[in-house]
Amino acid sequence: SGIARGASFPHDNPARNFMHTIDRQIEQLLKAGVGDVGLADLGFANTDPMRFGIDGRFGIIAPGGAAHRPEKRWPVRGYAEVAKYLSRYGILPIIIGHGSEEMNLAEIIRQTAPDALSLVNKTSVLEIAGLMRHATVAVGNDSGPMHLAAAAGTHTLVLFGPGSDPALCEPKGRNCFIMQVDSLDQLPADRVIAALPICEL
C-alpha cells in the first residue's frame with residue numbers, strides 16, 4: 001500500500017503529500033478494505049511507575065529527538081527550567097530518552113533540577129507508553145515519545161519549530177496541545193511554563 005511501484009493498493013490521492021500522516025495511513029487502509037480505523041489505543045500498556053521507584057505525581061520531559069534534526073529541538077536549558085517548575089509544584093520530573101547524547105541532556109537538566117529522575121536508556125518503548133498513561137503532564141519536542149503521550153491521553157505539550165509542520169505530523173490525542181514558534185532557539189522558558197497550566201497541573 002502506498003506509492004511503491006507495483007503496490008497492490010496504490011495510494012493515488014494527488015493531495016497525499018499535504019495530508020497528516022495518520023489521515024493518509026487511514027485512507028490507505030480504506031483502499032485495502034480496512035475501515036473503522038480510529039486513533040491508537042494504548043490501554044494495553046500498563047507500566048507500574050513503582051517499578052522505577054516513582055510514587056506520586058510525575059511529569060515526563062522528552063528533551064531529545066532525531067540526532068540528524070537538531071532544528072527540531074528546544075535548547076536543553078529550557079527543559080531544565082520546566083523541570084524546576086514541576087518540582088516546585090510537587091510533580092517529579094522524569095527525563096526519558098535514548099543514547100549517550102540524551103544522557104548528557106538529562107545531566108544538564110539535573111544540574112538545575114536535582115530532584116529530576118533520569119530514565120534515559122532505562123525504558124523500552126512499551127514502558128514509555130505505559131508511564132505516559134500515569135503521567136500528570138508530558139512536554140517535549142516533535143518526537144516519537146510525544147506521539148505516545150498524546151495517544152495515551154496524557155496532558156501533552158509539544159514544541160514545534162520551523163523544522164516540521166504540525167499540520168502534517170502533530171501528535172493526535174484528546175489532551176494534546178501544540179506550541180509552534182518561528183525559532184525554538186528563541187523560545188523563552190517562561191512561555192512554555194505559562195502554557196503548562198492549560199494542561200491542568
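The radius of gyration used here is taken over C-alpha atoms, and the globule rule sets it at 2.2 Å times the number of residues to the power 0.38. With the whole protein chain of this predicted model selected, that rule puts a compact globule of 201 residues near 17 Å, and the chain has 18 Å, which agrees. Aligned along the principal axes, the C-alpha atoms fill a box of roughly 55 × 35 × 35 Å, and buried residues make up 46% of the chain.

Next, colour by secondary structure: seven helices and six strands should appear, following the pattern α-β-α-β-α-β-α-β-α-β-α-β-α along the sequence.

Now select strand 5, residues 156–160, where five of the five residues are buried, so the strand is largely enclosed by the rest of the structure. Show its side chains: Thr-156, Val-158 and Phe-160 point one way, while Leu-157 and Leu-159 point the other way. In a regular strand the side chains alternate between the two faces of the sheet.

Add strand 4, residues 137–141, which pairs with strand 5 in the parallel sense over four bridges; here Asn-141 stands opposite Leu-159. To follow the connection between these two strands, select helix 5, residues 144–152, which together with strand 4 and strand 5 makes a right-handed β-α-β unit.

Finally, which strand holds the bridge partner of Phe-160? Select strand 6, residues 176–180, which pairs with strand 5 in the parallel sense over five bridges, and find Gln-180, the partner of Phe-160 in that strand.

Key. Residues numbered from 1 in each chain as written. Predicted model: local features only at pLDDT ≥ 70, side-chain atom pairs only at ≥ 80, totals over all residues. Heavy atoms only, no water. Buried < 20%, exposed > 50% of the residue type's maximum accessible area, 1.4 Å probe, protein only. Pairing = 2+ DSSP bridges. Right-handed = clockwise from strand over helix to strand, strands pointing away.
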